[in-house]
Amino acid sequence: MDDPKMSVKSGSDGYLALRMELRSSITSFDYRDFVHLSFFMCFPLRLRYRMAVRRPGLIALFDVDGTLTAPRKGVTPKMLKFMQDLRKVVTVGIVGGSDLVKISEQLGSTVTNDYDYVFAENGLVAYKDGKLVGTQSLKTHLGDENIRDFVNFTLHYLADIDIPIKRGTFIEFRSGMINVSPIGRNCSQEERDEFEKYDKVHNIRGKMVEVLREKFAHLNLTFSIGGQISFDAFPQGWDKTYCLKYLDELEEIHFFGDKTYKGGNDHEIYESARTVGHTVRSPDDTIDQCTTLFLNKQA
């Protein structure tokens with residue numbers, strides 16, 4: 001007996017086509033499979049992706065300031081919940097220029113366990129599955145004499161620049177970089193906002209970077225402007241692409257950052273041949289882009 005079929009074809013009259021075929025092997029169909037599929041499909045789309053299996057070989061890697069949070073501010077409950085949902089369908093990593101203490105202040109004290117990978121100081125301090133897997137030392141790489149010369153020159157330069165406000169902590173030495181802030185990291189949030197506006201007009205950080213780049217060309221340093229009030233100095237190759245050495249097992253790396261322009265601290269990893277770069281305008285934009293890329297596909 002021929003396979004029973006019922007079909008309605010779509011034609012110029014605009015009727016919707018429906019085709020159902022019951023093959024001779026229908027007796028091998030397990031009714032329990034149909035029940036399981038029906039049960040799954042009855043869930044709303046938003047719930048279905050939470051039940052989905054993780055996509056292997058793919059990671060969503062995020063900058064912190066301006067991408068997951070407002071600059072130097074804490075993560076919102078909305079973003080935390082979104083990251084938890086996203087982690088159910090793809091591997092999730094964080095890469096920030098700040099040290100782990102500052103990243104923890106923004107993303108929470110359990111940050112190294114909340115994400116699959118956490119890279120502080122561009123990956124010079126690296127965590128995977130909550131465990132420390134690698135560190136690098138600027139002191140060992142440059143030596144104390146070179147660091148002293150850099151700090152002394154920078155402090156003299158900072159003393160001579162004329163800006164409306166100066167506070168404290170102008171230089172911060174980290175494991176893998178030196179952070180320089182013309183206004184000083186001890187400024188208030190309101191003062192941060194005002195300096196950011198002032199800097200956009202007068203290019204204080206950009207001019208200072210050019211002077212330091214020429215003065216210390218022999219050290220082969222990279223200068224990267226990030227956040228609202230500071231810039232980082234570190235050896236060439238120690239930008240955010242440094243963290244990619246820990247992701248060799250992953251085939252598809254999507255990076256999300258706000259400062260992807262040349263001179264921004266997301267530029268090198270955004271342009272890397274190993275990543276698919278995405279520029280975001282705000283944390284809400286990050287959520288929107290990731291929903292389109294990863295979550296809707298799971299629905």
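Does glutamine 228 count as buried or exposed, and at what relative accessibility? In this predicted model, glutamine 228 has a relative accessibility of 4%, and because buried means under 20%, this residue counts as buried.

The surroundings of glutamine 228 are a good place to start. The residue sits in the loop that links β10, residues 221-226, to β11, residues 230-235. Two polar contacts involve its side chain: one of 3.0 Å to the side chain of glutamate 196, and one of 3.3 Å to the side chain of glutamine 189. Residues up to four places away in sequence aside, glutamine 228 touches Pro71, Gln189, Arg192, Asp193, Phe195, Glu196 and Arg205. Both polar partners, Gln189 and Glu196, are thus found again in this list.

Stepping back to the whole chain, the fold comprises eleven helices and 13 strands. Of the 299 residues, 45% are buried. Long-range pairing is well represented: 62% of the contacts between residues at least 6 apart in sequence join residues at least 24 apart. The exposed area comes to about 16100 Å², with carbon and sulfur atoms supplying 53% of that surface.

The interior also has some empty space to explore. One cavity of 30 Å³ or more is present in the structure, and the volume of the largest cavity is about 260 Å³. Its lining is made up of 23 residues, among which Asp65, Ser98, Gly226, Gly227 and Asn265 come closest to the centre. Two elements, α4 (100-107) and β11, each give two or more residues to this lining. Sorted by class, the lining holds ten charged, ten polar and three nonpolar residues.

Helix α4 deserves a look of its own. Its buried residues are Lys102, Ile103, Ser104, Gln106 and Leu107. Which elements cover them? The cover includes two helices, α3 (77-87) and α5 (111-114), together with the strands β4 (91-95), β5 (117-120) and β8 (171-173). Helical geometry offers a useful guide when viewing such a pattern: an α-helix has 3.6 residues a turn, so residues three or four places apart point the same way. After α4 comes glycine 108, which has a positive phi, near 110°.

Positive phi values also turn up at two residues that are not glycines. Asparagine 122, with a phi of about 70°, is placed in the loop between β5 and β6, the latter spanning residues 125-128. With a relative accessibility of 3%, asparagine 122 counts as buried. Asparagine 203 has a positive phi of about 55° and is located in the loop between α8 (189-202) and α9 (204-215). Is asparagine 203 buried, partly exposed or exposed? Its relative accessibility is 40%, so asparagine 203 counts as partly exposed, a class that lies between the limits of 20% and 50%.

Next to consider is isoleucine 163, in the loop between α7 (144-160) and β8. This residue counts as buried because its relative accessibility is 8%, under the limit of 20%. Beyond its neighbours within four places in sequence, isoleucine 163 is in contact with Pro182, Ile183, Phe195, Tyr198 and Ile204. For one of these partners, isoleucine 204, the separation along the sequence is 41 residues, while the C-alpha atoms lie 8.5 Å apart in space. Phe195 is a link to the opening of this account, as it is touched by glutamine 228 and is also in contact with isoleucine 163.

A final site is leucine 132, in strand β7, which covers residues 131-135. Neighbours within four places in sequence left aside, leucine 132 is in contact with Val125, Ala126 and Tyr127. Between the C-alpha atoms of leucine 132 and phenylalanine 119, which stand 13 residues apart along the chain, the distance is 9.8 Å.

Terms used
Residues numbered from 1 in each chain as written. Predicted model: local features only at pLDDT ≥ 70, side-chain atom pairs only at ≥ 80, totals over all residues. Heavy atoms only, no water. Helix = DSSP H or I, 4+ residues; strand = E, 2+ residues; numbered from the N terminus. Buried < 20%, exposed > 50% of the residue type's maximum accessible area, 1.4 Å probe, protein only. Polar contact = N/O pair within 3.5 Å; in protein donor to acceptor, adjacent residues only side chain to side chain. Contact = heavy atoms within 4.5 Å. Areas by Shrake-Rupley, 256 points an atom, 1.4 Å probe, with all protein chains shown as cover. 1 Å grid on protein atoms, 1.4 Å probe; cavity = no way out; pocket = protein on both sides within 12 Å on 5 of 7 lines; lining within 4 Å. Points joined across faces, edges and corners; volume = space filled by probe spheres on them. Nonpolar A, V, L, I, M, F, W, Y, C, P; charged D, E, K, R; others polar.
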